[in-house]
Amino acid sequence: MTETPALHPLWPAPLAEGAVHATVTVPGSKSVTNRALVLAALAAEPGWVRRPLRSRDSQLMSDALRALGVGIEETVSSSSAGAGAGGEAWRVIPAALHGPATVDVGNAGTVMRFLPPVATLAAGDIRFDGDPRSYERPLGEVINALRALGARIDDDGRGALPMTVHGGGALEGGTVEIDASNSSQFVSALLLSAPRFNQGVEVRHTGATLPSMPHIRMTVEMLRAAGAQVDTPEAGGEKNVWRVAPSALLGRDMVVEPDLSNAQPFLAAALITGGTVTIPDWPRRTTQPGDELRRIFTEMGGSCELTDAGLVFTGTGRIHGIDVDLGEVGELTPGIAAVAALADSPSTLRGVAHLRLHETDRLAALTKEINELGGDVTETADGLHIRPRPLHGGVFHTYDDHRMATAGAVIGLAVKGVEIENVATTAKTLPDFPKMWTDMLSGAEAGAGA
Ligand SMILES: O=C(O)C1=C[C@@H](OP(=O)(O)O)[C@@H](O)[C@H](O)C1
Ligand SMILES: C=C(OP(=O)(O)O)C(=O)O
């Protein structure tokens, strides 16, 4: 969070006139799309990424891989990969990775963490730069780990961007210790490229806590689907130790699931207004943390059913406070805080100290913005206490954080006169958000391409 938010256009968040009833098709998962692109780029043969997310973060990832020599052709296809897999598809054609190149990471954690290991495999210098916030987000653990595994990297000594990876065309790999308590992405980053390291990798997490475990499971499952051999603590291995064996990766045909974390504001709309929202293609089994919304939003007063039409979520209009550890699902915190601010009892959100290092300091930003609308939120060492109070209209600043923007829109459904500053920041992972939101409210079918 910066002290003085930049001046951006204000978007009047629409007030819900009554119960929301809508079907909302949510675009592909950021986390799955960007992992799929990396794995396909490192494969020994071409592959497909179907129903990819098209957003700023995925564009940054594909632009960066292209800059390293990878071919990515965007097509619209009808597929034999399974029911409903037609539509947009990207053909990824791996190539010998090379510099010189510059990678713009924007403010994408997945790009700034997942690509430095890839760059060590390129021949030549790869410079990494990004938005001002990317200079503040932690990267030192990845830089030090790559150096320990044999890489040459020049940074300015702060353990952050900007930096240059002097790619040697290969990386030795081996065993490395890291403290990933600030971000699970450090572990995912090292594992994703590891099949291509000469010795693979053994990553030993030494920190006291490890956030976002579902995202590490997503990394492991996607690696295995691409043919990698991965040992994990969950499969009877040592606690906090992951091993990836050196091997070729297969060119796969991957279908990206809808982004369940981006389904959150739409589900919240049903919860708050006592309506029903259906999200088609909600996977029956997934590693996405957003699947936890079924449990969390049910505890907060809704009910849901997984049907052939997708997830059908219904609210009563009554919202209960919740005491919950969100350490595994930290990216859901802004949306849960927004709902909690409208509840009939207080909430305690715990286990999310690392949110201070996300797109903005989310704990400070949520506290300030909800309180400026008349709320009563206090920061704790690892989360938020939220005591609901009648809220009033005002400007909701987003600090270039897509999830602040959608959290503000959720509050705006129930509170007249909320204006979201820089709603366009939702383009990080959900470019059509304002239209999807107004379509949802007008009862039209909202969604990607609708
Ligand atoms: O690997 C991923 O795709 C992500 C991991 C999580 O990061 P942290 O562990 O830094 O919270 C999550 O919050 C982020 O939105 C996406
Ligand atoms: C933390 C997030 O993003 P990033 O991938 O930039 O870390 C997020 O999307 O909530």
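Which ligand lies between domain 1 and domain 2, and why? Ligand 2 does, because domain 1 (10-27 + 257-447) and domain 2 (30-236) both give residues to its shell. Keep in mind that this is a predicted model. The legends below walk through the close-ups.

**View 1. Two domains meet.** The domain assignment splits the protein into domain 1, made of 10-27 plus 257-447, and domain 2, which covers 30-236. Take the C-alpha atoms of each, and the two centres sit 28 Å apart. Across the junction, 21 residues of domain 1 are in contact with 22 residues of domain 2. On the domain 1 side, the touching residues come out evenly: seven nonpolar, seven polar and seven charged.

**View 2. The shell around ligand 2.** Here you'll find A108, G109, T110, E331, H358, E359, R403 and T429 around ligand 2. Sort them by type and you get one nonpolar residue, four polar ones and three charged ones. H358 sits in the loop that runs between strand 19 (347-350) and helix 10 (362-372). H358 counts as buried because it has 23 C-beta neighbours inside 10 Å, and the cut-off for that label is 20 or more.

**View 3. The shell around ligand 1.** Ligand 1 has 13 residues around it, and the closest are S31, S183, S184, S212 and H215. This shell is made up of one nonpolar, eleven polar and one charged residue. Helix 3 (109-119) and helix 5 (185-193) each chip in at least two residues. Both domains take part as well, with at least three residues of the shell drawn from each of domain 1 and domain 2.

**View 4. S212 and the first set of annotated positions.** In an unreviewed UniProt entry, a "binding site" annotation covers K30, S31, R35, S183, S184, Q185, S212, E331 and H358. Zoom in on S212 and you are in the loop between strand 11 (201-205) and helix 6 (213-225). S212 is buried, with 24 other C-beta atoms within 10 Å. Beyond its sequence neighbours up to four places away, S212 touches S184, P289, E328 and G330.

**View 5. Q185 and K428, from another annotation.** The unreviewed UniProt entry also has a "binding site" annotation on K30, G109, R137, Q185, R362, R403 and K428. Q185 belongs to helix 5. It is buried, with 26 other C-beta atoms within 10 Å of Q185. Setting aside neighbours within four places in sequence, Q185 is in contact with G109, T110 and R113. K428 is found in the loop between strand 23 (418-421) and helix 12 (433-441). K428 is buried too, with 22 other C-beta atoms within 10 Å. Leaving out neighbours within four places in sequence, the contacts of K428 are S55, R56, D57 and H402.

**View 6. Helix 3, under cover.** How many residues of helix 3 are buried? Eleven of its eleven are. The run of buried residues goes G109, T110, V111, M112, R113, F114, L115, P116, P117, V118 and A119. G109 and T110 turned up earlier, in the shell around ligand 2.

**View 7. Helix 4 and what packs over it.** In helix 4 (residues 140-148), the buried residues are E141, V142, I143, A145 and L146. Their cover includes helix 3, strand 8 (152-155), strand 9 (163-168), strand 10 (174-178) and helix 5. Just past the end of helix 4, look for G150, which takes a positive phi of about 115 degrees.

**View 8. The nonpolar cores.** In soluble globular proteins, nonpolar side chains tend to be buried together. The largest nonpolar core in this model has 74 residues, and L39, V49, L191 and L223 touch the most other members. Helix 1 (residues 30-41) gives the largest share of this core, seven residues. Follow L39 and, not counting residues up to four places away in sequence, you'll reach L192, M222, L223, A226 and L249. There is also a second, separate core of 71 residues, with I272, M300, M404 and I420 among them.

How values were computed
Residues are numbered from 1 along each chain as its sequence is written. Chains are lettered from A and ligands numbered from 1 in the order in which they are written. This is a predicted model: local features need pLDDT of at least 70, side-chain atom pairs count only at pLDDT 80 or more; totals for chains, interfaces and linings use all residues. Domain bounds come from an automatic or database domain assignment. Two residues are in contact if their C-beta atoms, placed from the backbone, lie within 7 Å. Ala, Val, Leu, Ile, Met, Phe, Trp, Tyr, Cys and Pro count as nonpolar, Asp, Glu, Lys and Arg as charged, and the others, Gly among them, as polar. A residue is near a molecule or strand if its C-beta atom, placed from the backbone, lies within 6 Å of it. A nonpolar core is a set of buried Ala, Val, Leu, Ile, Met, Phe, Trp, Tyr and Cys residues joined through C-beta atoms within 7 Å. A residue is buried if 20 or more other C-beta atoms lie within 10 Å of its own, exposed if 12 or fewer, and partly exposed in between; C-beta atoms are placed from the backbone. Helices (H or I, at least four residues) and strands (E, at least two) are DSSP runs, numbered from the N terminus. UniProt positions are given in the numbering used here, feature names are shortened, and annotations may be inferred rather than shown by experiment.
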